Amino acid sequence: MDPPKGKRLIVDFAVILIPVLLVLTAAALIWLHNLVAVVMLLGFYSLLMAGLWVILDAVDVAFTEAAVGAGITTVLMLAAVGLTGQGERPGQGNVLVALVVVAVTGGALFYALSDLPPFGAADAPAHTHVASRYLGQSMTEAGIPNVVTAVLASYRGYDTLGEVTVIFAAGISVLALFSRRHGDRKN
Amino acid sequence: MHEFAVLRVATKQLLPFIWLFALYVQTHGDYGPGGGFQAGVIFASGFILYGLVYGVGKARRIVQYRVLIILVALGALIFSGVGVWALFAGGNFLEYAVFADDPAAGNHLGIFIIELGVGITVAAVMTAIFFAFTGRSH
Amino acid sequence: MTTLGVFNYWVAVVLTMIGLYLVMASDNLVKKLVGLNIFQTAVFLIYITIGKVEGGTAPILKEGFDVYSNPLPHVLILTAIVVAVATTSVGLALVTRIKEEYGSVEEAEMRKQDEE
């Protein structure tokens, strides 16, 4: 079932436009020194990312990104900025060292890109291992149509148990870090 | 924030729908996009919205800190409890197929319960973190 | 969409570089965390791009569709996003505590206070 031509064109356009906007948004963060503006822009960045996930067929990921990245992260960051002050003093860090490291890392990654399979290739190594089993058998084995949920909760249940433990530990850590009242000193 | 009458009224109207939507996402994760992670975050966002508009002190009175701490642990316990239950039912850890005569039905049941555990932990952790941050300022 | 080739990978690498630069060059700890978030999403982008299959649809089984994108990267990244917000909040909590102890979240200022 191919989508109609007009829809196809929009998707082809968006799949270029959104990544370009992502890069522009991220780059703007470098020159922005008001942290409230930085956090709001990060929320916008997450929302763009959610749109890109939908185009790349990852609807569950898009849902999570929109709720978590654009929602909760922004609120928590704003709360933290409210506690720590919104002005960043520009030009303090070691820009030269950072540029060298970034250039070397970027160069290595660009070099490594040539080994990756082309975008959308159906015979890429990632699709030839367990993915076909998940897509072909999950309906009879788990009985639910959303393969992502079946893999998340059943096939890779151990993984998810680990993730839940990480979230649990993170929540406990934050509460432990904030357990001391403001202004208390070690005694 | 006594002056934002529109915000306060609109928030009260929105809250039931936010929580209903969270429950929908939680239970329909099997059939469409969604699941425990998203539902937990949406459920927590209801409390966060209430806290932002009505003040965190008021929100804290609705969600008791002690209850929140219990829920944080309860979700993770439900998840691993299902794993142990599978052990007692004669399967491997987290092997849901042993919960029912039909393996697919057992899997469906297991997935539903562990998604519930995930949702509870995520919602409680997100709410607790929000309260921790906002309770810090005064 | 095949004409795109490696476009998404390029974007991911550029985002990685921007994130890394933000982490290294900015002195403010909150901005470092923002940089880490950008870095993370760049990794997510590589995963989801690899999972995309040309002509495929979202991995929710339905009559009439034969080609689906790979669900495995989606599962990994879905959980990674929630873990990312959990770890980010731990980082923000640490930054807040640092602010309370040092009175600043600028690295240079903290170093100056440590040397005194």
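These exercises work through aromatic pairs, one helix and one chain interface.

This is a predicted model, in which local features need pLDDT of at least 70, side-chain atom pairs count only at pLDDT 80 or more, and totals for chains, interfaces and linings use all residues. Residues are numbered from 1 along each chain as its sequence is written, chains are lettered from A and ligands numbered from 1 in the order in which they are written, and side-chain values use heavy atoms, with hydrogens and water left out.

**Exercise 1.** Classify the aromatic pair A:Y134 and A:Y155, then place both residues.

Step 1. Take the rule: rings of Phe, Tyr and Trp (its six-membered ring) pair if their centres lie within 6.5 Å; planes under 30 degrees apart are stacked, over 60 edge-to-face, the rest tilted. The whole structure holds twelve such pairs over all chains.
Step 2. For A:Y134 and A:Y155, the centres are 4.8 Å apart and the planes make 45°, a tilted pair.
Step 3. This pair links distant parts of the chain: A:Y134 is in helix α5 (residues 131-141) of chain A and A:Y155 in helix α6 (residues 147-155) of chain A, 21 residues apart. Helices are DSSP runs (H or I, at least four residues), numbered from the N terminus.
Step 4. Buried means under 20% relative accessible area, exposed over 50%, partly exposed in between (1.4 Å probe, protein chains only). A:Y134 has 7% relative accessibility, so A:Y134 is buried. A:Y155 has 25%, so A:Y155 is partly exposed.

**Exercise 2.** Why is the pair A:F178 and B:F133 edge-to-face?

Step 1. The ring centres are 5.1 Å apart and the planes stand at 90°, so the pair is edge-to-face.
Step 2. The pair crosses between chains, from the segment after α7 (157-177) of chain A to helix α5 (residues 103-134) of chain B.
Step 3. Both A:F178 and B:F133 are buried.

**Exercise 3.** Where does α1(B) bend, and what do its buried residues pack against?

Step 1. α1(B) bends by about 35° at B:L14. The bend is the angle between axes fitted to the seven residues ending there and the seven starting there. A proline, B:P16, follows within four residues.
Step 2. Buried residues of α1(B) include B:L15, B:I18 and B:V25.
Step 3. The buried residues pack against α3 (59-84) of chain A together with α2 (36-54) and α5 of chain B.

**Exercise 4.** How many salt bridges cross the interface of chain A and chain C?

Step 1. The rule needs a side-chain nitrogen of Lys or Arg within 4 Å of a carboxyl oxygen of Asp or Glu.
Step 2. It finds one across this interface.
Step 3. The side chains of C:K52 and A:D57 form a salt bridge at 2.9 Å, N to O.

Technical notes
Helix = DSSP H or I, 4+ residues; strand = E, 2+ residues; numbered from the N terminus. Contact = heavy atoms within 4.5 Å.
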